[in-house]
Amino acid sequence: MTAPTNTDSIVCSGCGASASGRFCAACGATLTGTKCSSCSADLSPGAKFCHRCGTGLGTVANAPATRASRTNILPWSVAGLAFLALFAMAAGRNFNRSRGATLDAPQNALPQAGLDDRGSAMGAQQQGMARAPDISNLSPQERADRLFNRVMLLASQGKSDSVQFFAPMAITAYQMLAPLNADQRYDMGRIAEVAGALQVAKAQSDSILRAEPTHLLGLILGARVATLSGNAVAVREYERRLLAAEKSEPVARREEYKRHEDDIVNAFALARRKNGAAP
């Protein structure tokens, strides 16, 4: 078939309009024969689909544009992630002290009275200073400690939304310290506990006790998780082991025991009261 010239006028097989050139001005259908881009079959004028394989005309031509549109999404995705990171940093520096919702976890998930104070930043916050500590120039351990203090303080104030915001950052900070010692695992477990991630907290307790079956912090963390999980049998077993380890694991034996002395004293008192043991 001879392709029509600009002066030839034919009837478009797609819409019936009088047309000239290679494409119909009314519907865009081709006025000349062409080949399928997929199977190379000869197509009749006006065909919108291949009679052999069913490929729509223009499918391949449109593909690069589709790929280009997908490629253009990548810079926006990167920019979005960068914005979220900047937002998190700003929130950490200018945290609002307005009271949040009540803590989702049961009351036993809140820190005990006399929660250990790891530095002046924690003491300043307890005295009413609202500004979050700037952790950008701290060592990895110092960053983890600061985030631990912040999460524990927020949990004691019942600010569950803020706990959920800072807890993932704090847990990540501790994971970056790997391999973890018992003290670090206890801190990470307490953060997970108040955030409601009981499986993460239990994993830290199990890891501590696997290495040292009488470690007080591992037993205390295990008892707290069992209490929140409603496992009374496990609670009694942890408390029995805790009281049995009291003589072999004096508080002054380890640095982590001194640091968490209030938690240990409270846990012993609770275990004695529930089990009728002499003080």
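**Exercise 1. Locate Pro-179 relative to the helices, and describe the peptide bond that precedes this residue.**

Pro-179 lies in the loop between H4 and H5, where helices are DSSP runs of H or I with at least four residues, numbered from the N terminus. The bond to examine joins Ala-178 and Pro-179, and this peptide bond is cis, with omega at about 0 degrees.

The model is predicted, so that local features need pLDDT of at least 70 and side-chain atom pairs count only at pLDDT 80 or more, whereas totals for chains, interfaces and linings use all residues. Residues are numbered from 1 along each chain as its sequence is written, and side-chain values use heavy atoms, with hydrogens and water left out.

**Exercise 2. Determine which residues touch the most other members of the largest nonpolar core, and which helix gives the most to this core.**

A nonpolar core is a set of buried Ala, Val, Leu, Ile, Met, Phe, Trp, Tyr and Cys residues joined through side-chain atoms within 4.5 Å; buried means under 20% relative accessible area, exposed over 50%, and partly exposed in between, with a 1.4 Å probe and protein chains only. The largest core has 44 residues, of which Val-151, Ile-191 and Leu-242 touch the most other members. Elements giving two or more residues to this core include helix H3 (140–156), helix H5 (182–194) and helix H8 (232–244), while H7 gives the most, with 8 residues. Taking Ile-191 and leaving aside neighbours within four places in sequence, one finds contacts (heavy atoms within 4.5 Å) with residues including Phe-148, Val-151, Ala-167 and Tyr-174.

**Exercise 3. Trace the surroundings of Ser-205.**

Ser-205 has its place in helix H6 and counts as buried, at 0% relative accessibility. Beyond residues up to four places away in sequence, Ser-205 touches Gly-218, Leu-221, Gly-222 and Tyr-238. A polar atom of the Ser-205 side chain lies 2.8 Å from the backbone oxygen of Gly-218.

**Exercise 4. Set out the salt bridge between Glu-193 and Arg-224, and then the one between Glu-237 and Arg-240.**

A salt bridge is a side-chain nitrogen of Lys or Arg within 4 Å of a carboxyl oxygen of Asp or Glu, and the structure holds 12 of them. The side chains of Glu-193 and Arg-224 meet at 3.0 Å, N to O. Because Glu-193 lies in helix H5 and Arg-224 in helix H7, this pair ties together parts that are 31 residues apart in sequence. Glu-193 is buried at 0%, as is Arg-224 at 11%, and both belong to a network of salt bridges that also links Arg-190 and Asp-263.

Glu-237 and Arg-240, by contrast, both lie in helix H8, 3 residues apart, about one turn of the helix, and their closest N and O atoms are 2.6 Å apart. Glu-237 is partly exposed at 35%, and Arg-240 is partly exposed at 47%.

Technical notes:
Polar contact = N/O pair within 3.5 Å; in protein donor to acceptor, adjacent residues only side chain to side chain.
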